[in-house]
Amino acid sequence: MSVITATTKQNAGPWMTLRRRRQFAGFLFTLPALALVIGFIGIPIGQAIYYSFTSWNGLTSQWIGPSTWSQAFHNSNLWTALQNNALLLLSVPFALGLPLCIAVLLHQRVAGWKVFRSIYFMPTAISWVVLGLVAERFFAYQGTLNSIIHFFGFSHTNTNMLGYESTALSALGITFVFTMIGTNTMLFLTGLATLDPTLEEAARIDGAGRWRIFRSITLPHLSRFIQLAFVMTVIALFSALFSLIFVMTGGGPGYATTTMEFLIYQTGFNQGDFGTAALYGIILFVLTAIVGIVQLRLIGSDE
Amino acid sequence: MAEIIFDGVTKIFGDDIRAVDDLSLAIAEGEFMVFVGPSGCGKTTALRMLAGLEDITSGSLSIGGRIVNNVLPKHRDVAMVFQNYALYPHMSVERNIGFALKIRGDSKDEIKRKVDEAATILHLNDFLDRRPKALSGGQRQRVAMGRAIVRNPQAFLMDEPLSNLDAKLRVEMRLEIARIQRLLGVATVYVTHDQVEAMTMGDRVAVMREGKLQQVDTPQDLYDRPANEFVAGFMGSPPMNLIRCHASAGNDRVAVHFGHQVIELPWNYTSSHALPESGLEVVVGVRPEDVLIVDGASTNTLETRVERREALGAEILVHLSLLDTTTSSTSDGELSRPVSLVAKMGPRTKVSVGDILYVQLSPEHAHFFDATNGDSLRTRP
Ligand SMILES: Nc1ncnc2c1ncn2[C@@H]1O[C@H](COP(=O)(O)OP(=O)(O)OP(=O)(O)O)[C@@H](O)[C@H]1O
Ligand SMILES: [Mg+2]
């Protein structure tokens with residue numbers, strides 16, 4: 001008995017409170033993951049930062065220094081790409097809003113909801129390359145979109161959205177919205193499934209109509225899911241659009257659909273300038289990180 | 001405040017689940033009506049039909065003289081307290097309570113005033129800024145009540161509002177709810193499966209079973225004059241002893257045979273009960289407190305043995321088995337197992353397992369039920 005008391009006392013010595021000990025244990029548990037993160041993410045990022053100060057053709061690198069950065073910002077292609085990224089952000093509200101509407105409708109078990117659910121989820125299971133090809137056929141001069149327009153009687157109206165600098169980015173944005181619908185709809189449906197149905201009943205008895213219930217009960221409940229979807233959508237927009245661009249436009253016409261991501265690829269693999277590509281990569285990383293951090297802050301402040 | 005009338009209300013789920021079957025019942029203005037019954041008997045369904053959350057399959061339901069079968073919940077002007085409280089998690093207590101008023105379009109000052117008033121009644125003033133998550137179970141329960149009372153509705157509907165609370169809090173809130181209901185005088189339908197809640201809170205109690213209304217009465221009448229075997233067994237704790245036996249009313253005496261032990265009950269039972277004349281099987285019901293221990297064998301006593309003894313502090317429950325019934329001279333299968341009785345005794349009664357006791361059934365308080373359908377054989381109230 002006395003032995004046990006003694007050891008307990010020792011362990012609970014004043015140098016380590018219970019809270020400290022828990023934190024320490026937590027730290028130990030995260031060590032393996034931390035090692036992986038440092039090994040596979042930290043080191044490459046460090047390398048990229050280093051290469052961003054060099055001129056590197058893929059084989060030999062030569063240290064140049066901070067002037068690479070000042071030069072890069074004089075490159076108009078970088079600004080075009082940044083602008084394209086910014087413009088594409090305009091598609092995010094649609095990539096969230098449409099799935100939200102769909103999810104709310106499906107959740108109300110509208111007739112045929114199971115079929116619709118499968119249809120909306122389908123794009124998620126299809127490679128973005130295939131989706132890009134389908135979209136390319138859809139927007140093409142002799143494609144589906146024009147057939148539909150002609151079908152409705154406007155036989156002299158023709159579109160070629162991918163063919164013009166002014167509209168290609170919009171077509172890309174629309175395609176992006178469609179590719180995101182499945183995932184975001186599923187995410188929102190999951191969120192709705194965790195909503196206690198008696199809350200809605202209570203609100204109905206309190207006199208709330210559909211719209212009021214949506215605004216005061218459903219939306220606040222979904223806010224975390226919407227925030228998550230927002231982060232995922234923006235990250236996808238910044239870092240997963242490559243396959244769509246590659247298949248649909250190749251970044252053109254001109255630089256009309258070249259995003260940061262695509263610019264990195266072009267700079268590196270088409271122009272063989274891996275140093276600058278690494279530099280662009282860091283810019284993109286920082287931008288994405290800013291979105292993520294701002295968002296995490298917002299989520300955090302919720303509590 | 002209004003009268004609520006169920007008239008032949010039936011609810012069928014799917015094709016054949018009769019959750020509520022032909023319910024007819026009137027709840028007066030300001031009355032506290034309790035729906036009680038075992039799990040799955042249709043209490044919640046009846047309440048949800050009243051709230052407008054469930055369609056009515058057939059029959060009509062009216063509140064304050066208006067048929068509400070097809071009226072949306074928000075136009076029924078009833079308030080409901082849910083079993084899980086259903087508080088809006090992202091709203092403060094204040095906004096939870098004021099939500100209905102805000103929707104109704106009351107002014108800010110008015111909402112504030114009414115919420116404060118309700119909070120005072122419910123002792124919630126210190127918690128108005130908190131979210132439901134930061135409240136204890138009892139406090140959440142009060143908020144749910146607050147949400148109902150600020151609206152000053154025509155009726156309160158409560159579905160087992162106390163079942164998530166611990167025993168002590170339950171007793172407290174039981175009194176609290178009853179107090180508030182009296183204070184506001186709003187017709188209330190209160191669902192519970194706890195017969196103690198039913199007995200203590202209700203002006204009247206409606207006992208349901210498998211969708212059917214069994215009896216509606218004041219708690220005391222329900223206790224003293226159960227309409228059938230089910231109600232008799234359901235109300236009261238410990239439940240009434242229900243014993244199959246043979247009764248014959250003739251030659252100025254009512255003889256009740258338990259195997260070959262026989263007791264006689266006063267003749268006046270025949271004027272209030274339809275008792276068989278020729279030893280037909282009936283079910284006799286005796287509450288545990290009406291099983292009396294007497295000093296020795298006499299003509300009206302049953303010889304029993306103590307099988308079990310439960311001391312509850314203020315009283316002792318004694319489980320007795322009737323001797324001799326196994327060797328019953330009748331060839332009836334029902335009586336070939338020992339008949340047992342529970343008796344409630346004073347805390348200082350000296351009994352121990354194995355004792356042979358002679359008991360009498362309190363002559364004025366026996367109940368008789370039909371052995372086949374369980375209906376009371378009482379003919380006069
Ligand atoms: N939505 C539904 N669909 C099908 N059957 C249902 C539905 N709701 C209730 N029931 C059935 O109706 C019957 C009555 O249910 P109800 O919830 O009214 O019982 P209850 O008396 O409230 O029981 P408890 O005390 O357990 O809450 C049950 O047999 C139940 O299975
Ligand atoms: Mg229920």
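Helices here are DSSP runs of H or I with at least four residues, numbered from the N terminus. The model on screen is predicted.

**Stop 1: helix 2 of chain A**

Select residues 18-52 of chain A, which make up helix 2, and pick out A:Leu28 within it. A:Leu28 is partly exposed because its relative accessibility is 43%, between the limits of 20% and 50%. Now add A:Phe24, A:Phe27, A:Leu31, A:Leu34, A:Ile38 and A:Ile43 to the selection; with A:Leu28 they form a nonpolar patch on the surface. Together these residues have about 640 Å² of accessible area. As for the spacing of such positions, an α-helix has 3.6 residues a turn, so residues three or four places apart point the same way.

**Stop 2: A:Ala168**

Move to helix 9 of chain A, residues 165-193, and select A:Ala168. Is A:Ala168 buried or exposed? A:Ala168 counts as buried, because its relative accessibility is 0%. Next, show what surrounds this residue. Apart from neighbours within four places in sequence, A:Ala168 is in contact with A:Met161, A:Leu162, A:Gly252, A:Pro253 and A:Thr257. Add A:Thr249 as well: this residue is 81 residues from A:Ala168 along the chain, yet their C-alpha atoms are separated by 7.9 Å.

**Stop 3: helix 2 of chain B**

Switch to chain B and select residues 93-104, which form helix 2. Which residues of this helix are buried? They are B:Val93, B:Asn96, B:Ile97, B:Gly98, B:Phe99, B:Ala100 and B:Leu101. To see what they pack against, display helix 10 (197-205) and helix 11 (210-239) of chain A, along with helix 3 and helix 4 of chain B. The buried residues of helix 2 of chain B thus have packing partners in both chains. Just after the helix, select B:Gly105, where phi is positive at about 95 degrees.

**Stop 4: salt bridges in chain B**

Over all chains, the structure holds 19 salt bridges. Begin with B:Arg104 and B:Asp106, whose side chains meet in a salt bridge with an N to O distance of 3.4 Å. B:Arg104 is partly exposed, because its relative accessible area is 45%, whereas B:Asp106 has 18% and is buried. B:Asp106 also forms a salt bridge with B:Lys114, at 3.1 Å from N to O. B:Lys114 counts as buried, at 17% relative accessibility. Add B:Glu110 to the selection: salt bridges with shared partners join B:Arg104, B:Asp106, B:Glu110 and B:Lys114 into one network.

For another pair, select B:Arg48 and B:Glu54. Their salt bridge has its closest N and O atoms 2.9 Å apart. Buried means under 20% relative accessible area; B:Arg48 is therefore buried at 17%, and B:Glu54 is buried at 18%.

**Stop 5: a positive patch**

Finish by selecting A:Arg215, B:Arg95, B:Lys102, B:Lys108 and B:Arg131, which form a positive surface patch. Where is B:Arg131 placed? This residue is in the loop between helix 3 (108-121) and helix 4 (137-149) of chain B. B:Arg131 counts as partly exposed, because its relative accessibility is 43%.

Methods. Residues numbered from 1 in each chain as written. Chains lettered and ligands numbered in written order. Predicted model: local features only at pLDDT ≥ 70, side-chain atom pairs only at ≥ 80, totals over all residues. Heavy atoms only, no water. Patch = residues over 30% accessible without salt bridge, like charges linked within 9 Å, V, L, I, M, F, W, Y side chains within 5 Å. Areas by Shrake-Rupley, 256 points an atom, 1.4 Å probe, with all protein chains shown as cover. Salt bridge = Lys/Arg side-chain N within 4 Å of Asp/Glu carboxyl O. Lys, Arg positive; Asp, Glu negative; His and termini not counted. Charge placed at Lys NZ, Arg CZ, Asp CG, Glu CD. Helix = DSSP H or I, 4+ residues; strand = E, 2+ residues; numbered from the N terminus. Buried < 20%, exposed > 50% of the residue type's maximum accessible area, 1.4 Å probe, protein only. Contact = heavy atoms within 4.5 Å.
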